[in-house]
Structure formats: C-alpha cells, structure tokens
Amino acid sequence: MMSVLPYLVAAWIFLVGCYGLATSRNLIHAVGCLVVCQSATYVLLLAVGYRDGGTAPVHSDLEPGSRPLVDPVVQALALTDVVVGATVTALLLALVVQVAKRHGTVDPDELSELRG
C-alpha cells in the first residue's frame with residue numbers, strides 16, 4: 001500500500017515555492033522560489049518510483065519475480081530533472097545579473113521599462 005505522505009509533501013513544497021514567488025520583491029528571491037517549486041518534482045518522481053521492499057534493479061543475483069524492484073526510469077528522470085533545473089537556474093540568474101546591470105535594481109516593481 002502506497003502512502004499518500006510523499007505526494008502531500010511534494011504539494012506542500014510546491015505551494016510554499018509558489019507563495020514565495022507570488023510575494024517576492026526581488027528577482028533573485030523569485031529564482032530561488034522557482035527552484036523550490038521544481039524541487040517538488042524530485043519528491044514526486046521519487047514517490048512514483050518507490051516500491052515497498054524494493055531492491056535495486058540489478059538482476060545478476062535475483063531470480064525473476066523473487067523480489068520487487070524499484071523503477072529505474074523515474075530515478076533517471078529525477079536525475080535529468082536535477083540537471084535541467086541547475087541549467088535553468090543558471091540561465092535565470094544570468095538574466096537577473098543582466099537586468100541588474102542595465103536597470104540598477106532587482107526589484108520587479110521598479111522595472112518600469114518592462115511594464116506594458
């Protein structure tokens with residue numbers, strides 16, 4: 001029986017990141033909140049791939065069907081998610097640096113040129 005707790009934790013982490021993003025008065029803080037939102041996907045992916053009593057999917061010492069195995073695909077997706085998240089975070093922080101150089105501030109309310 002799969003527990004609901006990891007899914008609730010993932011939802012809570014996501015909501016905390018969204019709250020921080022909505023109340024942010026600093027672009028660097030907003031990027032950090034986006035990172036928190038994305039970390040919820042790590043918890044979600046690992047919860048999907050978890051199996052009670054599961055072992056690593058190395059088949060050399062196991063008879064087929066003797067023990068449950070964890071799903072290696074979601075672990076690979078979580079690792080890929082970490083790499084993509086680090087890349088996106090670096091790109092967003094580079095954009096924040098350029099905005100700070102051009103406008104002299106990282107406060108979104110003071111960026112008048114960006115208003116429509």
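# A guided tour of a three-helix chain

Begin by selecting Asp 81, which lies in helix α3, the run covering residues 72-103. The model on display is a predicted one. Asp 81 is buried but takes part in no salt bridge. Arg 51 carries the nearest side chain of opposite charge, and it is 21 Å away. To see what surrounds Asp 81, add Gln 38, Thr 41, Tyr 42 and Leu 45; these are its contacts once neighbours within four places in sequence are set aside.

**The whole chain**

Now colour the chain by secondary structure. Three helices and zero strands appear, and the order of elements from the N terminus is α-α-α. Of the 116 residues, 22% are buried. Among contacts with a separation of 6 or more, 54% join residues 24 or more positions apart.

**Helix α3**

Return to α3 and display all of it. The helix has 32 residues and reaches 46 Å from its first C-alpha to its last, close to the 46 Å expected at 1.5 Å a residue. Select Val 74, Ala 78, Asp 81, Gly 85, Thr 89 and Val 96, which are buried in this helix. An α-helix has 3.6 residues a turn, so residues three or four places apart point the same way. The cover over the buried residues of α3 includes α2.

Pause next at Thr 89, a further residue of α3. Is Thr 89 buried or exposed? Its relative accessibility is 19%, and Thr 89 therefore counts as buried, since the cut-off for that class is under 20%. Beyond its neighbours within four places in sequence, Thr 89 is in contact with Val 31 and Val 35.

**Helix α2 and the nonpolar core**

Select α2, residues 27-49. This helix has 23 residues and spans 34 Å between its first and last C-alpha, close to the 33 Å expected at 1.5 Å a residue. Its buried residues are Leu 27, Ala 30, Val 31, Cys 33, Cys 37, Ala 40, Ala 47 and Gly 49, and they pack against α1 and α3.

From that list, centre the view on Val 31. Neighbours within four places aside, Val 31 is in contact with Thr 89, Leu 92, Leu 93 and Val 96. Then add Leu 27, Val 96, Val 106 and Leu 111 to Val 31: together these five residues form the largest nonpolar core. In soluble globular proteins, nonpolar side chains tend to be buried together.

**Two cysteines**

Next, show the sulfur atoms of Cys 18 and Cys 37. Why is there no bond between these two sulfurs? The sulfur of Cys 18 is 3.8 Å from that of Cys 37, its closest cysteine sulfur, and this is too far for a bond; a disulfide would need the pair within 2.5 Å. A search of the whole structure finds zero disulfides. The two residues may also be viewed by surface: Cys 18 is partly exposed, at 28% relative accessibility, whereas Cys 37 is buried, at 8%.

**The salt bridge**

Move to Arg 25 and Asp 109. The structure holds one salt bridge, and this pair forms it, with the closest N and O atoms 3.4 Å apart. The pair links distant parts of the chain: Arg 25 is in the loop between α1 (5-22) and α2 (27-49), while Asp 109 is in the segment after α3, 84 residues apart. Side chains of opposite charge can pair when their charged atoms come close. With a surface displayed, Arg 25 counts as exposed, at 53% relative accessibility, and Asp 109 counts as partly exposed, at 41%.

Beside Asp 109 in sequence, select Glu 110, also in the segment after α3. Glu 110 counts as exposed, at 51% relative accessibility. A distance drawn between the C-alpha atoms of Glu 110 and Arg 25 gives 9.8 Å, although the two are 85 residues apart along the chain.

**The last stop**

Finish at Leu 5, in helix α1. Leu 5 is exposed, with a relative accessible area of 55%. Draw one more C-alpha to C-alpha distance, from Leu 5 to Ala 47: the two are 9.1 Å apart in space and 42 residues apart in sequence. Ala 47, by contrast with Leu 5, is among the buried residues of α2.

Note on methods. Residues are numbered from 1 along each chain as its sequence is written. This is a predicted model: local features need pLDDT of at least 70, side-chain atom pairs count only at pLDDT 80 or more; totals for chains, interfaces and linings use all residues. Side-chain values use heavy atoms; hydrogens and water are left out. Helices (H or I, at least four residues) and strands (E, at least two) are DSSP runs, numbered from the N terminus. Buried means under 20% relative accessible area, exposed over 50%, partly exposed in between (1.4 Å probe, protein chains only). Lys and Arg count as positive and Asp and Glu as negative; His and the chain ends are not counted. A salt bridge is a side-chain nitrogen of Lys or Arg within 4 Å of a carboxyl oxygen of Asp or Glu. Contact means heavy atoms within 4.5 Å. A nonpolar core is a set of buried Ala, Val, Leu, Ile, Met, Phe, Trp, Tyr and Cys residues joined through side-chain atoms within 4.5 Å. The expected span of a helix is 1.5 Å times one less than its number of residues.
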